[in-house]
Amino acid sequence: MAAFCKGRSRFKRVLLQQTFIRNLTGTFDYDVAVIGGGSGGLACSKEAAQFGKKVVVLDYVEPSPKGTKWGLGGTCVNVGCIPKKLMHQSALLGTAVKDAGKYGWNIPTPVSHDWHTMAEAVQNHVRSLNWGHRVQLQDKKVKYLNLKGSLLDEHTIRGVNKAGKETVLTAKNIVIATGMRPKLPADVPGAEEHGISSDDLFWLKESPGKTLVVGASYVALECAGFLTGIGLDTSVMVRSIALRGFDQQMAGLVTDHMESYGTRFSWQCVPRRVEKLASGALQVTWEDSGSRTEHSDTFDTVLWAVGRAAETRKLNLEKVGVVLEKESGNIIVADNEASSVPNIYAIGDIGEGRPELTPVAIKAGKLLARRLAGASTELMNYDKIPTTVFTPLEYGCVGLSEEEAERRYGKDGIEVYHAFYKPLEFTVAERDASQCYIKAVCLRDGDQPILGLHFTGPNAGEVTQGFALGLQCGATYRHLLDTVGIHPTCAEEVVKLNITKRSGLDATVTGC
């Protein structure tokens with residue numbers, strides 16, 4: 001106890017000395033300090049260093065409740081976009097193997113999937129990215145500290161390492177880029193004790209086996225999709241609707257395809273408890289909200305995907321004057337990413353109202369760094385940001401959903417051009433294409449500016465990325481008609497759209 005008090009006293013002396021020196025000289029240890037080593041934080045730090053700023057990044061990964069931890073790079077690299085897309089690819093290859101026989105390939109059956117082989121390969125790639133990020137920081141002359149950072153005042157950061165040793169540093173500007181972590185329901189007995197989240201799934205050494213995914217966010221559906229695709233018995237429990245915030249017609253097509261693909265859905269159901277049986281299996285009891293009846297089943301794994309929480313609560317932000325949104329804990333930011341404290345900024349998922357997307361955090365971080373360096377005044381444009389949900393049938397979109405466009409402009413103020421199409425690759429393989437669909441949501445007047453574009457089908461991300469550029473440049477329906485398609489592709493069906501929903505005509509594409 002005496003040693004602890006002595007350490008605290010020494011820490012306070014160091015803090016007072018640094019504060020005195022800073023106030024006296026107006027100098028800081030760093031020009032920019034970034035708390036959080038995810039995609040946004042790393043992009044911001046490297047960009048600032050490019051402009052000659054002295055930069056430090058503090059990053060520390062708190063293990064998940066199951067003890068899973070990882071290296072530098074944040075959610076996207078370690079437990080998000082990268083491992084998710086690779087496991088999605090594994091599932092797509094399984095489907096391709098099934099198609100191959102129709103294309104003349106003689107493949108011995110049965111074909112089986114080995115989780116350990118896939119997981120080890122994915123994890124090794126992720127570790128190579130962790131190392132690559134550290135090398136990049138070193139090359140850019142960005143100081144990297146594996147410390148858990150929190151604020152002591154608007155210019156002073158306290159860092160603590162895993163052994164509890166404290167470091168104090170000062171910075172002229174501080175950027176918070178700590179991202180979000182999965183939430184586990186506190187009101188469901190056994191949820192945390194027996195369940196896992198996406199923070200754990202990609203680092204499992206053994207197959208999760210029969211899996212229940214609770215939630216219907218894009219994370220939930222993507223995980224359920226690739227688990228089904230590699231041959232695992234997978235169910236999804238949905239409290240209300242799927243893909244909240246996305247176009248709901250498209251969400252319905254995604255889940256319809258998943259059901260035909262083999263994923264089971266329990267709609268309007270709420271989990272009540274999770275119990276571990278003597279056999280090691282997990283018994284989940286849930287209530288059907290419609291019938292008010294209870295049901296139960298056993299699973300090997302329960303994956304919670306019921307939302308994410310901002311990593312802001314332990315940063316001491318409110319004590320230094322940073323205003324948080326009370327319910328979410330997100331930092332309230334201005335157009336220039338500044339918080340209520342002028343020299344403290346927030347980028348990425350933790351900014352209130354900001355899209356929770358890696359490329360958004362990266363671009364916002366780079367633009368902020370340029371402004372802090374005095375090299376630019378450009379602000380991040382959060383309008384018409386494209387994204388893709390990597391479910392078995394991928395869904396890409398950019399701009400407004402049909403519901404949002406109708407809310408803003410009225411039903412008579414918009415025109416929706418749409419088509420059901422069949423990818424050429426599906427024909428010989430005799431695959432069902434009933435959920436392959438495109439719609440362009442346009443203003444009804446004039447040249448009909450495109451408000452939103454939605455696409456379900458193969459390689460949806462690649463298709464949507466290209467058209468997103470057009471929407472940023474003010475694309476209209478007239479521009480679509482003036483564009484020559486590339487044949488035979490799925491993307492050409494976008495520029496061939498000619499049937500409106502209003503007409504009531506059959507929107508199924510015929511011919512090649």
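This report walks through a predicted model, from one of its sheets to a pair of helices and some aromatic rings.

## A sheet of six strands

Let's begin with the open sheet, which is built from six strands in the order β17-β18-β21-β20-β19-β22. The pairing is antiparallel. Which strands stand at the edges? They are β17 (387-389) and β22 (499-500), and each has a single partner strand, so one side of each is left without a neighbour in the sheet.

A helix also belongs in this picture. Helix α11 (residues 402-409) packs on the sheet and touches β19, β20 and β21 (450-456). The direction of α11 makes about 165° with that of β19.

## Strand β20 and its partners

Now look at β20, which spans residues 437-443. Is this strand mostly covered or mostly open? It is mostly covered, with six of its seven residues buried.

On one side, β20 is joined to β19 (residues 414-420) by seven bridges, and the two strands run antiparallel. You can follow the pairing residue by residue: glutamate 415 has cysteine 442 of β20 as its bridge partner, while valine 416 is matched with valine 441.

β20 is also joined to β21, here by six bridges, again in an antiparallel arrangement. Across this pairing, alanine 440 stands opposite leucine 453 in β21. The hairpin of β20 and β21 has six residues between the strands, and glycine 446 in this hairpin takes a positive phi near 60°.

## Leucine 443 up close

Leucine 443 is a good residue to find on your screen, and its place is in strand β20. Is leucine 443 buried, partly exposed or exposed? Its relative accessibility is 23%, so it counts as partly exposed, since buried would mean under 20%.

Which residues does leucine 443 touch, leaving aside its neighbours within four places in sequence? The contacts are Tyr409, Gly413, Ile414, Glu415, Gln448, Pro449 and Leu451. For a sense of scale, leucine 443 and lysine 54 are 389 residues apart in sequence, and their C-alpha atoms are 48 Å apart in space.

## Two helices that cross

Next, turn to helix α4 (residues 81-100) and helix α8, whose axes come within 8 Å. These axes cross at roughly 35°, and the crossing is left-handed. Which residues make the contact? From α4 they are Lys84, Met87, His88 and Ala91, and from α8 they are Glu222, Phe226 and Gly229.

## Rings and charges

The model has six aromatic pairs. One of them joins phenylalanine 202 and phenylalanine 226: the ring centres are 6.0 Å apart and the planes are at 40°, so the pair is tilted. Tilted pairs fall between the stacked ones, under 30 degrees, and the edge-to-face ones, over 60.

Where do these two rings come from? Phenylalanine 202 lies in the loop between α7 (198-201) and β8 (211-214), and phenylalanine 226 is in helix α8 (residues 218-229), so the pair ties together parts that are 24 residues apart in sequence. Both residues are buried: phenylalanine 202 has a relative accessible area of 2%, and phenylalanine 226 has a relative accessibility of 1%.

Other rings have a charge over them. Lysine 210 lies over the face of phenylalanine 299, at 5.0 Å from the ring centre. Likewise, the charged end of arginine 431 sits over the ring of phenylalanine 426, 4.1 Å from its centre.

Key
Residues numbered from 1 in each chain as written. Predicted model: local features only at pLDDT ≥ 70, side-chain atom pairs only at ≥ 80, totals over all residues. Heavy atoms only, no water. Phe/Tyr/Trp six-rings, centres within 6.5 Å; stacked < 30°, edge-to-face > 60°. Helix = DSSP H or I, 4+ residues; strand = E, 2+ residues; numbered from the N terminus. Buried < 20%, exposed > 50% of the residue type's maximum accessible area, 1.4 Å probe, protein only. Lys NZ or Arg CZ within 6 Å of the ring centre and 35° of its normal. Contact = heavy atoms within 4.5 Å. Pairing = 2+ DSSP bridges. Axes fitted to C-alpha atoms, helices over the stretch in contact; angles between N-to-C directions. Left-handed = near helix turned anticlockwise from the far one by under 90°.
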